Amino acid sequence: MSDPHDPYVRVRGAREHNLKGVDVDIPRDVLAVFTGVSGSGKSSLAFGTIYAEAQRRYFESVAPYARRLIHQVGAPKVGEITGLPPAVSLQQRRSAPTSRSSVGTVTNLSNSLRMLFSRAGTYPPGAARLDSDAFSPNTAVGACPECHGLGRVHRTTEQSLVPDPSLSIREGAIAAWPGAWQGKNLRDILDTLGHDVDRPWRELPAQEREWILFTDEQPVVTVHPVRDADRIQRPYQGTYMSARRYVMKTFADSKSQTLRAKAERFLVSAPCPACGGHRLRPESLAVTFGGRTIAELAAVPLVELASMLDARSETARVLTADLRSRIEPVVELGLGYLSLDRATPTLSSGELQRLRLATQLRSGLFGVVYVLDEPSAGLHPADTEALLTVLERLKAAGNSVFVVEHQLDVMRGADWLVDVGPLAGEHGGRVLHSGPVADLAGVEESATARFLFDRSPAPVRQVRSPRGQLKVGPVTRHNLRGVTAEFPLGVFTAVTGVSGSGKSTLVGEITEESAGVGRLISVDQKPIGRTPRSNLATYTGLFDVVRKVFAATEGARERGYGVGRFSFNVAGGRCETCQGEGFVSVELLFLPSTYAPCPDCGGARYNPATLEVTYRGRNIAQVLDLTVEAAADFFADTPSVSRSLTTLLDVGLGYLRLGQPATELSGGEAQRIKLASELQRVHRAHTLYLLDEPTTGLHPADVEVLMRRLHDLVDAGHTVIVVEHDMAVVAGADWVIDLGPGGGDAGGRIVAAGPPGAVAGAERSVTAPYLATVTGR
């Protein structure tokens, strides 16, 4: 029996993913960091084992009927875990939030603000008090009826429907009309109605143009088509439909993705004329607090909002105090530049996780284990200090904080360090060290130790000379006010600054049309696919080659199987029960549907006949289950496959499986897959590579490998621009552009620009002191 007063979480025989029967003891009530190279097994230990077991135990206490309805992660492969308290997980969600989700809804601050307006707002004379729901754009009682609470409406305009007014209707002036016979039919109906279809569009009377494009009338006329010499066409009854009606109907009703995409090109998104983009009903917007509407307060940065909440009554005092206490941890985590109405999809995964962390700070939970997934992702070193303070506060409240992390400063601030390795995938999965941080110094196998304890300045690199300049701006967008920047071409440029200073906004202005760019490859952290059908192999084009290899085998030729037989996206070779997805959706009454492995193929995606064909003893499903590293050995003598796999290894992704669904990949992994796809293509002409925080989720050892690849691109004559917080990367750049000095309205200016050594000495730069510690200035 385990001692109930034992102060340790003791894990025995953990075998989840690549863990090799791990035994480890971690004290409770400490800040413990799990680290190791990407793919070493640290997340499998922290999330896949410790958190999964805590969740499983919680579900054991839930009634069996309710348990059936909850999506469970399944029991982890572990001998036993003792001393484990209840756990709360804060992961970097891979799912895409909706446009209705905002900073206010994630943090629950919107609820508090709505309550303030409902109970303590100033109402127009004679107006009835409104319930708090009436101040939410996501409810029927609060949403503007015109735009349904979205704040924007999709409209058609004459400019969008007729891009070239010099053309006549016969020449195709109305670009939004369908092609082929349907478009010709509409033209003939207009001709029959007496409209001049051969006159340039701009010469037609305004009233006539308005009717042709926007009428809701649908007149039916008898059309006498012009006879073609080779066939006789009989008169027919034709119904007219205006260009706007056709576009809106196609966009709303068409099942064809292609037709919907075409229709969308003719729609213009504009603020809703009824609510002015504020998303609420007029009666909700008539209520004010301190002279401002709820929409105006929701648009103010949180750091300013706190100072605007003046209480006039006792009710208002209680509610404003609650709001301020909720805003405080968000500001403390360096997110004071965000406003409540900022849409969640526009936030980085790091920002989103820190918002959820701020919410937890207010929850007042005691005696739980918080398991966090790289909370420092996307954080400037100055903001990392605030993060450590917040983690310490969670610990001081009587909780254990287990963090999966690569950031060296977070490791140094920990009480306990668990280093997993020594390498990724098959070559990892062992705990190299579990103990105080300082004791890691003596562990020779550890890739982490070298970076954690070596404080010697970075080697001085010869700064490259630029081949020209790329001028961007003046840019006035978000918090940038008329900013002009010059990016040197043919060198490696790092754009730095605290979170929210305007870095991504500035580099987002670089387009292929900009003088001197040539070919532009922008590699962001957006998912490589929205469904499990998209995976590593399909995205990189690797799967096309693998399918050809299988189709060329003797077994496939004997059965008459072509390349299509080995695709899980088309009928023939796939398992028809799950349509090649490997799992089936289980519909649950009143609850979101959940997924279970396909009962017929067991998750293999293919039917038994397809799986009979093997290449070197493995069938297609087994090949998809190989890691990139294992596949590189398996296909070593197949050059077309080998080249793709080598580039994936070069960007530190050797631990991923070929068939890993896109939905399971982190933002950093998705970005490196995109980068690998580009690296395997040979670009001879000048190419500008634009990367937004490429080192997110990477261990310092993996960062070195990635940087070598990026510097190789520059040496080959290309230009690389990265938005980056890792000072080791910034110190190795040729040119640095530092934005700031703060985030939001306190930023948006170029504080310093020059080689790393010069920026490290800049006086007004928040980045400078952190860069100086790396450059040794």
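How many bridges join β5 to β10, and do these strands run parallel or antiparallel? Four bridges join them, and the two strands run parallel; strands are said to pair if DSSP finds at least two bridges between them. Before selecting anything, note that this is a predicted model, in which local features need pLDDT of at least 70 and side-chain atom pairs count only at pLDDT 80 or more, while totals for chains, interfaces and linings use all residues. Residues are numbered from 1 along each chain as its sequence is written, and side-chain values use heavy atoms, with hydrogens and water left out.

**Stop 1: the six-stranded sheet**

Select β5 (87-90) and β13 (430-435), which are the edge strands, each pairing on one side only. They belong to an open sheet of six strands with mixed pairing, in the order β5-β10-β11-β3-β12-β13. Strands and helices here are DSSP runs, numbered from the N terminus, with at least two residues (E) for a strand and at least four (H or I) for a helix. Neighbouring strands of this sheet are turned by 15° against each other on average, direction ignored, where axes are lines fitted to C-alpha atoms, for helices over the stretch in contact, and angles run from 0 to 180 degrees between N-to-C directions.

Next, colour β10 (residues 369-373) and β11 (residues 400-404), which pair in the parallel sense over five bridges. On the β11 side, V369 has S400 as its bridge partner, and towards β5, L90 is partnered by L372 of β10. Five of the five residues of β10 are buried, so this strand is largely enclosed by the rest of the structure; buried means under 20% relative accessible area, exposed over 50%, and partly exposed in between (1.4 Å probe, protein chains only). If you show the side chains of β10, V369, V371 and D373 point one way, and Y370 and L372 point the other way.

Now add helix α1 (residues 42-60), which lies across β3 (31-35), β5, β10, β11, β12 (416-421) and β13, and runs at about 135° to β5.

**Stop 2: aromatic pairs**

Rings of Phe, Tyr and Trp (its six-membered ring) pair if their centres lie within 6.5 Å, with planes under 30 degrees apart counted as stacked, over 60 as edge-to-face and the rest as tilted. By this rule the count comes to 14 aromatic pairs. Select F117 and F289, a tilted pair at 6.3 Å centre to centre with 55° between the planes. F117 sits in helix α4 (residues 109-120) and F289 in the loop between α10 (282-285) and α11 (294-298), 172 residues apart, and both are buried.

Then move to W211 and Y240, which are stacked because their ring centres are 5.3 Å apart and their planes are at 15°. W211 belongs to helix α7 (residues 206-214), whereas Y240 lies in the loop between β8 (236-239) and α8 (243-253). W211 counts as partly exposed at 22% relative accessibility, while Y240 is buried at 0%.

From F289 you can also step to T320, which is in contact with L116, F289, L309 and A311, leaving aside neighbours within four places in sequence; contact means heavy atoms within 4.5 Å. T320 is found in helix α13 (residues 314-332) and counts as buried at 1% relative accessibility.

**Stop 3: ring cluster, charges and cores**

Select F550, Y561, F566, Y615, F634 and F635, which ring pairs link into a cluster. R547 lies over the face of F543, at 5.6 Å from the ring centre, and R605 over the face of F568, at 4.1 Å; a charge sits over a ring if NZ of Lys or CZ of Arg is within 6 Å of the ring centre and within 35 degrees of the ring normal.

F635 also appears among the residues with the most contacts inside the largest nonpolar core, which has 78 residues, together with F492, L645, L658 and L710. A nonpolar core is a set of buried Ala, Val, Leu, Ile, Met, Phe, Trp, Tyr and Cys residues joined through side-chain atoms within 4.5 Å. Apart from that core lies another, of 62 residues, including M308, A316, I327 and A358.
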